[in-house]
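Biologist: I should like a close look at a single part of this model, taken slowly enough for a first-year student to follow. Please begin with one residue and its contacts, and then show how the surroundings are put together.

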Amino acid sequence: MTNIEIKELLDAGVHFGHLTRKWDPNMAPYIYGERNGVHIIDLYKTQAKIEEASEALRKIATSGRKILFVATKKQAKEIISDKSKSVNMPYITERWPGGMLTNFVTIRKAVKKMSVIDRMKLDGSFDALSKREKLQINRQRAKLEKNLGSITDMTRLPGAVFVVDVKKEHIAIAEAKKLNIPIFAMVDTNSDPRGIDFVIPSNDDASKSIDKVLSYVINDIAEGLAERKAGKDKVAEAKKAEVKTEVKK
């Protein structure tokens, strides 16, 4: 497990909450105090919650299930995109497609549509179309790529959803809740942590804070994936050894 330093969290501004007048009382257990009218998050609790969430996510990654990352706010988009790609996990950084989870079959059909268009370009049937038809299909492909390209490899519902800003991503959270998919989230002092399975009390507005929290989480997911690969390699080696033994007999 990644070692989480309080100083690193402090330097990244993870402790800065919102103005005291904008707080959600349900976040009271995670608040250390206030300074100049701004709530300060208790970083010792943040540290403990990151450890708890990271361990759970590592286990999900080890099991082979996907973790869907969701962050459509400007300061989180690029971070989520880069971090998710580094561990080959799906992510949503554009507008949340309604029914993304609750109507997953339809979403998968839309994703498959991209593959159909790509095959048309490869087998030459695309060339037989008129200029107007080509333009329409290219526009459709570009739109699908923008909204759903990042979930191409998600062939079944994810094992968990990780959200940055529970207020902004309330639709994603509602869908995950409906399907009993575990929800992990960075939760700021202006948000309601109830209904979130793994709450990480933290500043969800500053890019440095988002990057720092995600770096811990992603490291543990990478560990889980490495464990899974090592386990598979071990099984493969055992099978090879078994075959060799049989041949010798």
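Modeller: Let us begin with Glu94, which touches Thr72, Lys77, Lys146 and Asn147 when residues up to four places away in sequence are not counted. Please keep in mind throughout that this is a predicted model. Glu94 is found in the loop between strand 5 and helix 4. Its relative accessibility is 22%, and because a residue must be under 20% to count as buried, Glu94 is classed as partly exposed. As for separation along the chain and in space, Glu94 and Arg194 stand 100 residues apart in sequence, with their C-alpha atoms 25 Å apart.

One of the contacts of Glu94 deserves a closer look. Side chains of opposite charge can pair when their charged atoms come close. Glu94 and Lys77 meet in this way, in a salt bridge of 3.8 Å from N to O. Since Glu94 belongs to the loop between strand 5 (91-92) and helix 4 (104-123) while Lys77 belongs to helix 3, the pair ties together parts that are 17 residues apart in sequence. Lys77, with a relative accessible area of 28%, is also partly exposed.

Salt bridges may also share partners: Lys73, Asp165, Asp204 and Asp205 are joined into one network in this manner. Within it, Asp165 and Lys73 form a salt bridge whose closest N and O atoms are 2.8 Å apart. Asp165 lies in the loop between strand 6 and helix 6 (170-178), and Lys73 in the loop between strand 4 and helix 3, so this bridge ties together parts that are 92 residues apart in sequence. Asp165 has 11% relative accessibility and therefore counts as buried. Lys73, with a relative accessible area of 6%, is buried as well.

A further salt bridge connects two helices. Glu227 pairs with Arg58, and their closest N and O atoms are 2.7 Å apart. Glu227 is in helix 7 and Arg58 in helix 2, so that distant parts of the chain, 169 residues apart, are linked. The two partners fall into separate classes of exposure: Glu227 is partly exposed at 38%, whereas Arg58 is buried at 14%. The model as a whole counts 13 salt bridges.

We may now turn from charged to nonpolar side chains. In soluble globular proteins, nonpolar side chains tend to be buried together. Here the largest nonpolar core holds 34 residues, of which Ile67, Phe69, Phe162, Val164, Leu214 and Ile221 touch the most other members. At least two residues of this core come from each of several elements, among them helix 3 (74-86), strand 4 (67-70), strand 6 (160-164) and helix 7 (207-248). A second, separate core contains 29 residues, including Met27, Ile31, Leu148 and Val163. In the largest core, Ile67 illustrates the packing: leaving out residues up to four places away in sequence, Ile67 touches Leu57, Ile60, Ala61, Met89, Pro90, Ala160, Phe162 and Ile221.

Aromatic rings form pairs too. A pair of aromatic rings is described by the distance of the centres and the angle of the planes. The model contains two aromatic pairs. Phe69 and Phe162 make a tilted pair, with 5.4 Å from centre to centre and 35 degrees between the planes. Phe69 belongs to strand 4 and Phe162 to strand 6, 93 residues apart, and the pair thus links distant parts of the chain. Both of these residues, Phe69 and Phe162, are buried. The other pair consists of Phe184 and Phe198, whose ring centres are 4.3 Å apart and whose planes meet at 5 degrees, so this pair is stacked. Phe184 in strand 7 and Phe198 in strand 8 (residues 198-201) are 14 residues apart. Phe184 has a relative accessible area of 0% and is therefore buried.

To return to the starting point, the loop residue Glu94 is partly exposed and is joined to Lys77 of helix 3 by a salt bridge. Helix 3 in turn is among the elements that supply at least two residues to the largest nonpolar core.

How values were computed. Residues numbered from 1 in each chain as written. Predicted model: local features only at pLDDT ≥ 70, side-chain atom pairs only at ≥ 80, totals over all residues. Heavy atoms only, no water. Core = buried A, V, L, I, M, F, W, Y, C linked by side-chain atoms within 4.5 Å. Buried < 20%, exposed > 50% of the residue type's maximum accessible area, 1.4 Å probe, protein only. Helix = DSSP H or I, 4+ residues; strand = E, 2+ residues; numbered from the N terminus. Contact = heavy atoms within 4.5 Å. Phe/Tyr/Trp six-rings, centres within 6.5 Å; stacked < 30°, edge-to-face > 60°. Salt bridge = Lys/Arg side-chain N within 4 Å of Asp/Glu carboxyl O.
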